[in-house]
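Q: Please take a close look at one part of this model, the end of a sheet and the loop leading into it. Then go on from there to other parts that can be described in the same terms.

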There are 2 protein chains.
Amino acid sequence: MQNTLDINFNSPANTTWLSEDTLDKIESYTDRILQEVGILFEEESALKLWKSVDNKIARVEGERVYFDGEALRDIIRTSAPQHFTLHARNPDKSTVIGNGSTVFAPIYGAPKVQYIAKTGVKTGADAGQRTSNLGTLDDYRHLVSLAHDAEALQNTGFMLCVVHDHEQEEAHEYMLQAHLELSDKPFINSILSPASTAKGIELLSSEVRTSIKDKPYLLHLINSTPPLRFQVNPLSCLKVAVENGQACIITAYLMMGAMSPVTILGAMAQGYAEVLTGITLTQLYKPGTSVLFGLYSIPFSMKRMLPTFGDPLSMHTQAICRQLANRLNLPTLGYGGKSSAKVDDFQAGFEAGMATLTAYHQQSDFTMHAAGWLESGRCVDVEKFKREAELLKALV
Amino acid sequence: MQNTLDINFNSPANTTWLSEDTLDKIESYTDRILQEVGILFEEESALKLWKSVDNKIARVEGERVYFDGEALRDIIRTSAPQHFTLHARNPDKSTVIGNGSTVFAPIYGAPKVQYIAKTGVKTGADAGQRTSNLGTLDDYRHLVSLAHDAEALQNTGFMLCVVHDHEQEEAHEYMLQAHLELSDKPFINSILSPASTAKGIELLSSEVRTSIKDKPYLLHLINSTPPLRFQVNPLSCLKVAVENGQACIITAYLMMGAMSPVTILGAMAQGYAEVLTGITLTQLYKPGTSVLFGLYSIPFSMKRMLPTFGDPLSMHTQAICRQLANRLNLPTLGYGGKSSAKVDDFQAGFEAGMATLTAYHQQSDFTMHAAGWLESGRCVDVEKFKREAELLKALV
């Protein structure tokens, strides 16, 4: 935006949504969940770590761990940084995460890629038929180049599409290489497996020609598996990332009615419990680890058996995520561009516009899916990608 | 939205944007404009009224009036209601303006009407060619019926399209009749001329079969003519409305770079000056008059010689309008659905989504243009109208 003012629109003031009383209520439910139900940690190192801490903070029974919520918050508040620099190989492109303005990143995880065909029809809604295919390495490299060229995308993300024409481990290595060869912006590391995560760190280190240990260049998207569970793979990747001094996004992604209560308050309480434990883990493995707080929920349609991306309820979630993260002085994850639209139409725009502006209003520090998202995330639309990347320039 | 919570998302807390310091700064610029530059009032009754008040509050020189800003705010704060009921002929459809949730109204002022033609193509972006025409009375009546049927539109607005197939005064009377015949929701009165405004009040009174004096059934959209001017017609209509105990929206609609400074802070200071005087006028004519505070600005493109509807800057304006109105304890006007898109596509959606969600986030009390807006407001698209009316159900 042409900010011709001496005003910081992204002032921390712009984050009120729920009252402090309601947030207290969420927190008290969270603490009860942590105390009475606990969280499953399906990985040995994590369990070992939990066993090593004071029994009053974490109590391990099999794979289930019961917690004292306030103790977790104390650990996080005293240890996790309020903001951090995510380094780029080109130092000019390093970004500060948590400085009050958002970093936009493209779509993550689309199986399909869609291009506009050259039909000769050039304008408006009727322009060009689209052709789509399962993502290939060529597509992937094209998308990374687009993300690199887009001024408003300060991070090239990861898995802009799934690469289907190679075996998984190999595909992920090629994807990492694409980010290193075709861009000098920061990006997100693979979490296919701990080996894949280690490979990303190794590839980047050799590009930087020095140890990147304790200098975060890479983000890692570590999701809980709701309800109230962390699986072995994300926990293993988290450990590799943290031990190498890299940054993590710890996030709960809830489909209300399927993986969490249908009510937003219930979902928030559950998700907050998951995220609190995940973030504490990063700080116990290595105090001071750079971490983002993610918490997002969308309604799950029992009728269609699908999540309803773009639902106004999910806009509230982004706001509440920000408020809960503020209680821990942590930067937050936001979700732009999301929509249930099947084609690149008014619906795609309306829902993406609402999501993007909510991320912006509520001061997300790192906004995923900000360009290219279509068909509930099953497809990256290349034209939409370019257009959104252009639109986002008005918001950075 | 399925609000399954005991939470009021529309809590007044959700209105911080600029800091109080910055708002003070705007207010001090406003007061300087009022004191040193003054506002033109091009109508006799208004000038006579300003002459009748304390010279320290308003000082008249020809058509130009200089003001003491703080005195105007005092008058407004002690006199104008914080909320009021806008009555419908069907009491079940009366709406409280200023109770924390918004009333959505359709597009206002479109010269053209656009329908989707039956081409046999039924899905997505490629569906149907559109046909458009200059608005007719038939179109108008169709649009009022649509607005009446739309659950989320609690007000049928006015001039949903311009009626070209009748003389103006006659057209406005037919338009008013359409709102009375085809709907029992509240609506906005004509401001074509004072006679037209009086006609609306007369027609409504005879429908209600009792005097509507001092019981607001009708809103009146009274715009300043920036920079720093009120023309004779809006002032005359304002007088008729207020004398009949009806409600007014007093609003400054600024195109930054054309009718106001290019900076948002400058534009806000100017617009606030205009609105303050207009609102004070309503309270001096009749203390306690129901009034909404409107203040909106959009960038004007010097290159295209057009305003850029949907620009993110205009989202900030909505937020600042809310904050300034809060200082006067007044309900505010918001702007949903606005876009510069020429067709009903992603751009139309993205911009409309941003505008609508901003009105919602920032707690607009009455949101105009929430359905049907296309082509920078030159066209009402019937399909978009219906779709938006449906979408808005998630926000009421």
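A: A residue counts as exposed over 50% relative accessible area, as buried under 20%, and as partly exposed in between. The model is predicted.

By that cut-off Met305(B) is exposed, because its relative accessibility is 56%. Met305(B) sits in the loop between S13 and S14 of chain B. Its phi is near 55°, a positive value in a residue other than glycine. Most residues other than glycine have a negative phi, and most peptide bonds are trans.

The two strands that flank this loop pair with each other: strand S13 (residues 291-301) and S14 of chain B are antiparallel, over 2 bridges. One of the bridge partnerships joins Phe300(B) to Pro307(B) in S14(B). Both strands belong to an open sheet of 5 strands in chain B, with the order S9-S10-S12-S13-S14 and mixed pairing. Strand S9 (187-188) and strand S14 (306-307) of chain B are the edge strands; each has a single partner strand, so one side of each lacks a neighbour in the sheet. Helix H6 (residues 194-208) of chain B packs on the sheet through contacts with S9 and strand S10 (218-223) of chain B, and its direction makes about 170° with that of S10(B). A second helix, H9 (residues 312-328) of chain B, lies across strand S12 (247-256) and S13 of chain B and runs at about 155° to S13(B).

A cysteine can be taken up next. Cys248(B) is buried, because its relative accessibility is 0%. Its sulfur is 9.4 Å from the closest cysteine sulfur, that of Cys237(B), and this is too far for a bond. Cys379(B) is likewise in no disulfide, the nearest cysteine sulfur being that of Cys161(B), 10 Å away. Cys379(B) is also buried, at 0% relative accessibility. Over all chains the count of disulfides is 0.

Returning to the loops of chain B, the one between S10 and strand S11 (229-230) holds Pro227(B). A cis peptide bond joins Pro226(B) and Pro227(B), with omega about 0°. In chain A, Pro226(A) and Pro227(A) are joined by a cis peptide bond with omega about 0°. Pro227(A) is placed in the loop between strand S10 (218-223) and strand S11 (229-230) of chain A.

Chain A also has a positive phi outside glycine, near 55°, at Asn329(A). Asn329(A) lies in the loop between helix H9 (312-326) and strand S15 (333-335) of chain A. Asn329(A) counts as partly exposed, because its relative accessibility is 36%.

A hairpin in chain A supplies another turn: S2(A) and S3(A) have 2 residues between them, and Gly62(A) in the turn has a positive phi of about 65°. Strand S2 (residues 58-61) and strand S3 (residues 64-67) of chain A pair in the antiparallel sense over 4 bridges. Within this pair, Arg59(A) stands opposite Tyr66(A) in S3(A).

S2 and S3 are among the elements that cover the buried residues of H2(A), together with strand S1 (39-41), helix H7 (232-243) and helix H8 (264-285) of chain A. Helix H2 (residues 44-52) of chain A has the buried residues Ala46(A), Leu47(A), Leu49(A) and Trp50(A). These residues span an arc of only 160° around the axis, so they are on the same side of H2(A). On the face turned away from that side are the exposed residues Glu44(A), Lys48(A), Lys51(A) and Ser52(A).

Trp50(A) also belongs to an aromatic cluster with Phe41(A), Phe67(A) and Phe230(A). Over all chains there are 22 aromatic pairs. Phe41(A) and Phe67(A) form one that is edge-to-face, with 6.1 Å between centres and 70° between the planes. This pair links distant parts of the chain, Phe41(A) in strand S1 and Phe67(A) in strand S3 of chain A, 26 residues apart. Phe41(A) is buried, at 0% relative accessibility, and Phe67(A) is buried as well, at 1%.

A last residue brings the two chains together. Lys384(B) is found in helix H11 (residues 382-391) of chain B, and Lys384(B) is buried, with a relative accessible area of 0%. Beyond its neighbours within four places in sequence, its contacts include Phe346(A) from chain A, and Asp344(B), Trp373(B) and Leu374(B) from chain B.

Methods: Residues are numbered from 1 along each chain as its sequence is written. Chains are lettered from A and ligands numbered from 1 in the order in which they are written. This is a predicted model: local features need pLDDT of at least 70, side-chain atom pairs count only at pLDDT 80 or more; totals for chains, interfaces and linings use all residues. Side-chain values use heavy atoms; hydrogens and water are left out. Buried means under 20% relative accessible area, exposed over 50%, partly exposed in between (1.4 Å probe, protein chains only). Contact means heavy atoms within 4.5 Å. Two strands pair if DSSP finds at least two bridges between them. The arc is that of the directions from the helix axis to the C-beta atoms. Axes are lines fitted to C-alpha atoms, for helices over the stretch in contact, and angles run from 0 to 180 degrees between N-to-C directions. Rings of Phe, Tyr and Trp (its six-membered ring) pair if their centres lie within 6.5 Å; planes under 30 degrees apart count as stacked, over 60 as edge-to-face and the rest as tilted. A disulfide is a pair of cysteine sulfur atoms within 2.5 Å.
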